[in-house]
Amino acid sequence: MSGASAGVVVFAVGNRSRGDDAIGPLLLERLEAWLAGVDRGADFALIEDFQLQIEHALDLAGRRLALFVDAGTGTPAPYDFRTIGAAAPGGSHSSHALGPAAVLGVYRQVTGEDPPPAFVLCVRGERFALGEDPSPAARVHIEAAWRQLAALCERPDPEHWRATAARLSDGLAAAESRVAVSAAG
Amino acid sequence: MAFPLETAANPEKLRRVAIDPVSRVEGHGKVTLLLDDRGRVQQVRLHIVEFRGFEKFIQGRPYWEVPVMVQRLCGICPVSHHLAASKALDVVVGAARLTPTAEKIRRLMHYGQIMQSHAVHFFHLCSPDLLFGFDSDASRRNIVAVAQAHPEIARQGVLLRRYGQEIIRVTAGKRVHGTGSVPGGVNKAVTREERDLLLADAYQMIAWSRGAVRLIKDLHAQNPALYNSFGSFRSNLMSLAGAGGALDFYHGRLRARSENGDLLFDGVDYRGYADLIHEEVKPWSYMKFPFFTALGKEKGWYRVGPLSRVQNCDFIPTPLAEAERREFVDYSGGTPTHAPLAYHWARMIEMLHAVETIKDLLHDDDILGGELTVTGTRAQEGVGVIEAPRGTLIHHYRVGEDDLVTMCNLIVSTTHNNQAMNEAIRNVAQRYLRGHEITEGLLNHIEVAIRAFDPCLSCATHALGKMPLAVELVDAQGALVDALSRDGDGALRREGRP
């Protein structure tokens, strides 16, 4: 599914053959089936790739909302959902991948326009070895992330997504604070 | 636990700490600078995650699945693996010679891959360094600054890359995970509509590629002292050479030159690679260190990739790129250039050649139809070699009577360049390390040296939160003196300092 006229673009980044790196593609697969079931596929462009590259900036053109779904290492569990802005895609020693914010930066430099409101759904993974299946922990995280993803896609509105990201961020901060207090005690 | 140091002048005065396999690599890459007892850089170790587990991943699979499966090894050059595996398995299915349609479609796919890979490398990875210098403010050394100063450069890079991706989509079936190449040929031809669509933009791509060569030439002319010396070290060169000594990314025989440009071997059938090349194992790295068997590991290491190919061939079989090659060779007075920054110049000459070749192939009606596959007498073993964007790529398989793969061996370009990359970083570190602190400037310079090679970083895994590069400084007693890393968002992090 990659409708050029769709208002929402969802990028799923990862390699299905590398353990928990499959998190993004697995969630996208589920989203595609769900969208087909509720007959809302026309408003969503779904793009799966090993990693983000400069040409993905062109897939942002004409969208009102963008979502990047990726596995994370050492990131909050089960997932983190946050808003992102355009960033300079410099500072790497490799041409092999860009971060989501850098893709937005490329969009700005190529078009001279601001990219659409963009968000990252980062789902924590644990194991990324070649030929491995997703880990048990990742499967649990995927379930939690799927509920969030479906809720977001039921209401693909930038303000709603921003409010969700802020609410989750506050919850995360509170949880971290509780952990810190507990550790200190 | 101490090991002898392979490149130290006085190894008896040095110690090094064995690195536990689990902590060998944190993130995408790590550089360890080892000091001697006088505080000078004696050795460098570039740690890169390699294709561990590949054999297990492939063994036991039906051979016809392999060209598709191997694309999962690398997200930046999956087509190279797709085609190298196909070439190896052509032998297994007895396809001694492909049909013209199949070979030309494979070539089109491969040259599209070379083009898009070189475009992203030059326009988006290296141009900030090259246009603003390595010592410029970090905020200016990014592609946004390039876009502001050279608004067309960044846009051209994206569109060149997209054009190459379109060629891959048309020939392989999909932009990623393509299935176009199969053992014995290809599974689809190009339609007239697809051909016409690609041809419409081909001349624009040639014009932009010529502009890129001009840009890098101008940069060399403006600061020859820097471009000719930064990270420079002398080494042997290896690549495939095509018919008559032509530059050929898809097929040829192995050729190598010494650091002075003398032929070490030529016209070698790549099926005999295992006799030609041995791989040394070092205890601190999963990645092996290949060398020419006849020269031994001390003198036999070599480099591959654009700088080797452009200097190893006798000519480039397209006119614009050939004119640029001649200028490149004249610039260095007819002897090989060894400066890592010259990789970029050679890379742009190759991109120009790739686009010229794409244009010629699109004008060839053989790609529109005809026999797609051939088969012949079945064999149990096949070797396929191709020139991937970063250099020579070797795939080797054995297949049982039951059609299942029983053995595979793979040598990627980053492995060929392993020793060369370590030498380049050592040269830079020796020149720019001051005292016992890893400065941002030193990190920048090390990154510039690595970027010239653009090593494969087991990139088929890409997870948020991974650390792009860490540099650590270890003293003669094995103690960590300093460590600096750059996160994915460009932020610096200093760790490990006592």
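# Close-up views of two chains

**A:F81 is a buried residue, with a relative accessible area of 1%.** Here, buried means under 20% relative accessible area, exposed over 50% and partly exposed in between, using a 1.4 Å probe and protein chains only. This is a predicted model, in which local features need pLDDT of at least 70, side-chain atom pairs count only at pLDDT 80 or more, and totals for chains, interfaces and linings use all residues. Residues are numbered from 1 along each chain as its sequence is written, chains are lettered from A and ligands numbered from 1 in the order in which they are written, and side-chain values use heavy atoms, leaving out hydrogens and water.

**A ring cluster joins A:F81, A:F119 and A:W161.** Over all chains, the structure holds 14 aromatic pairs (rings of Phe, Tyr and Trp, the latter by its six-membered ring, pair if their centres lie within 6.5 Å; planes under 30 degrees apart count as stacked, over 60 as edge-to-face and the rest as tilted). One of them is the stacked pair of A:F81 and A:F119, at 5.4 Å centre to centre with 10° between the planes. This pair links distant parts of the chain, 38 residues apart: A:F81 sits in strand β4 (residues 79–84) of chain A and A:F119 in strand β5 (residues 118–124) of chain A. (Helices, H or I with at least four residues, and strands, E with at least two, are DSSP runs numbered from the N terminus.) A:F119 counts as buried too, at 0% relative accessibility. A:F119 also pairs with A:W161, this time edge-to-face, with 5.4 Å from centre to centre and 75° between the planes. Because A:F119 lies in strand β5 of chain A and A:W161 in helix α4 (residues 158–184) of chain A, the pair ties together parts 42 residues apart in sequence. A:W161 is buried as well, at 0% relative accessibility.

**Helices α1 and α3 of chain A cross at roughly 45°.** To set the scene, chain A has four helices and five strands, running β-α-β-β-β-α-β-α-α from the N terminus on. Of its 185 residues, 54% count as buried. The axes of α1 (residues 23–37) and α3 (residues 136–154) of chain A come within 10 Å (axes are lines fitted to C-alpha atoms, for helices over the stretch in contact, and angles run from 0 to 180 degrees between N-to-C directions). The two helices α1(A) and α3(A) are therefore oblique to each other; angles under 35 degrees count as roughly parallel, over 145 as roughly antiparallel, 65 to 115 as roughly perpendicular and the rest as oblique. Their crossing is right-handed (the near helix is turned clockwise from the far one by less than a right angle; anticlockwise would be left-handed).

**Helices α7 and α13 of chain B cross at roughly 160°.** The axes of α7 (residues 192–222) and α13 (residues 342–362) of chain B come within 9 Å. The crossing angle makes α7(B) roughly antiparallel to α13(B). Their contact involves 17 nonpolar, three polar and five charged residues (Ala, Val, Leu, Ile, Met, Phe, Trp, Tyr, Cys and Pro count as nonpolar, Asp, Glu, Lys and Arg as charged, and the others, Gly among them, as polar). The crossing of α7(B) and α13(B) is left-handed.

**Two loops of chain A show backbone features worth a look: a cis peptide bond at A:A77 to A:P78 and a positive phi at A:D39.** Most residues other than glycine have a negative phi, and most peptide bonds are trans. The bond from A:A77 to A:P78 is cis, with omega near 0°, and A:P78 lies in the loop between β3 (65–72) and β4 of chain A. A:D39, which is not a glycine, has a phi of about 60°. You will find A:D39 in the loop between α1 and β2 (44–49) of chain A, where A:D39 counts as exposed at 71% relative accessibility.

**In chain B, B:K282 lies over the face of B:F289 and B:R303 over that of B:F233.** B:K282 is 4.3 Å from the ring centre of B:F289, and B:R303 is 4.2 Å from the ring centre of B:F233. (A charge sits over a ring if NZ of Lys or CZ of Arg is within 6 Å of the ring centre and within 35 degrees of the ring normal.)
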